[in-house]
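Student: I am new to this structure and should like to understand the terms used for it. May I ask how each one is justified?

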Amino acid sequence: VLASIPWDLIIQRRNYDRWKEWDCDTVNVLIEEMKLGSDSKFAPYVNYLLEERTGQIPVGWSKEGRRLLARVTGEELPPYQEYIDFDSWQITCNGGENEPFEEQAFNLVLQRAEDTLMV
């Protein structure tokens, strides 16, 4: 064991299921914590995430940007699932219009979560 992290120190969906690869709740939980900022139980990590620049992974880019990257590299880079983009997530997960942090939280979970867990 390299590290043992207590479950209560992991940002995760409310009803964790280790066999479920993706769901809406992890993003929603992260949005709630980001809104709390320094008052969050996860404040050091949340504040670090809030300082991260957006667009670090292609899924956070425009569709045109992703197409250009695929043309330059000759292949589509992961995640390969076409449904994994912010617009699709908003529809599937009933995202709020102009919800603060929503797109940033979506991208951070996609970029940093392992089995929907964020340590």
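Student: Which residues are exposed on the other side of helix 2, and what makes a residue count as exposed?

Tutor: This is a predicted model. In it, P44 and E51 are the exposed residues on that other side of helix 2. The word exposed requires a relative accessible area over 50%.

Student: Which residues of helix 2 are buried?

Tutor: Within helix 2, which spans residues 43–51, the buried ones are A43, Y45, V46 and L49. Buried means that the relative accessible area is under 20%.

Student: Why are A43, Y45, V46 and L49 said to lie on the same side of helix 2?

Tutor: Around the axis they cover an arc of only 165°, and therefore they are on the same side of helix 2. The buried residues of helix 2 pack against helix 1 (25–36) and helix 5 (102–112).

Student: What makes helix 5 largely enclosed by the rest of the structure?

Tutor: Of its 11 residues, eight are buried, so helix 5 is largely enclosed. The buried residues of helix 5 are E102, Q104, A105, F106, N107, L108, V109 and L110. Their cover includes helix 1, helix 2 and helix 4.

Student: Why is L9 called partly exposed?

Tutor: The relative accessible area of L9 is 45%. Partly exposed is the term between under 20% and over 50%, so it is the term for such a value. L9 is located in the segment before helix 1.

Student: What makes L9 eligible for a nonpolar patch on the surface?

Tutor: A patch takes residues with over 30% relative accessible area, and L9 has 45%. Together with I5 and V119, L9 forms a nonpolar patch that has about 260 Å² of accessible area.

Student: Which residues have the most contacts inside the largest nonpolar core?

Tutor: They are I11, V27, L30 and M118, in a core of 21 residues. Helix 1, helix 2, helix 4 (86–92) and helix 5 each give two or more residues to this core. Leaving aside residues up to four places away in sequence, M118 touches I10, I11, L30, Y45, L49, L108, V109, R112 and A113.

Student: How do you know that the chain follows the pattern α-α-α-α-α?

Tutor: The chain has five helices and zero strands, and that pattern is what one reads along the sequence.

Student: What share of the chain is buried?

Tutor: Buried residues account for 34% of the 119 residues. The chain exposes about 7900 Å², of which carbon and sulfur atoms supply 51%.

Methods
Residues are numbered from 1 along each chain as its sequence is written. This is a predicted model: local features need pLDDT of at least 70, side-chain atom pairs count only at pLDDT 80 or more; totals for chains, interfaces and linings use all residues. Side-chain values use heavy atoms; hydrogens and water are left out. Buried means under 20% relative accessible area, exposed over 50%, partly exposed in between (1.4 Å probe, protein chains only). Helices (H or I, at least four residues) and strands (E, at least two) are DSSP runs, numbered from the N terminus. The arc is that of the directions from the helix axis to the C-beta atoms. Contact means heavy atoms within 4.5 Å. Patches are made of residues with over 30% relative accessible area and no salt bridge: like charges are joined within 9 Å, nonpolar side chains (Val, Leu, Ile, Met, Phe, Trp, Tyr) within 5 Å. Accessible areas come from the Shrake-Rupley method with a 1.4 Å probe; for residues, only the protein chains shown count as cover. A salt bridge is a side-chain nitrogen of Lys or Arg within 4 Å of a carboxyl oxygen of Asp or Glu. A nonpolar core is a set of buried Ala, Val, Leu, Ile, Met, Phe, Trp, Tyr and Cys residues joined through side-chain atoms within 4.5 Å.
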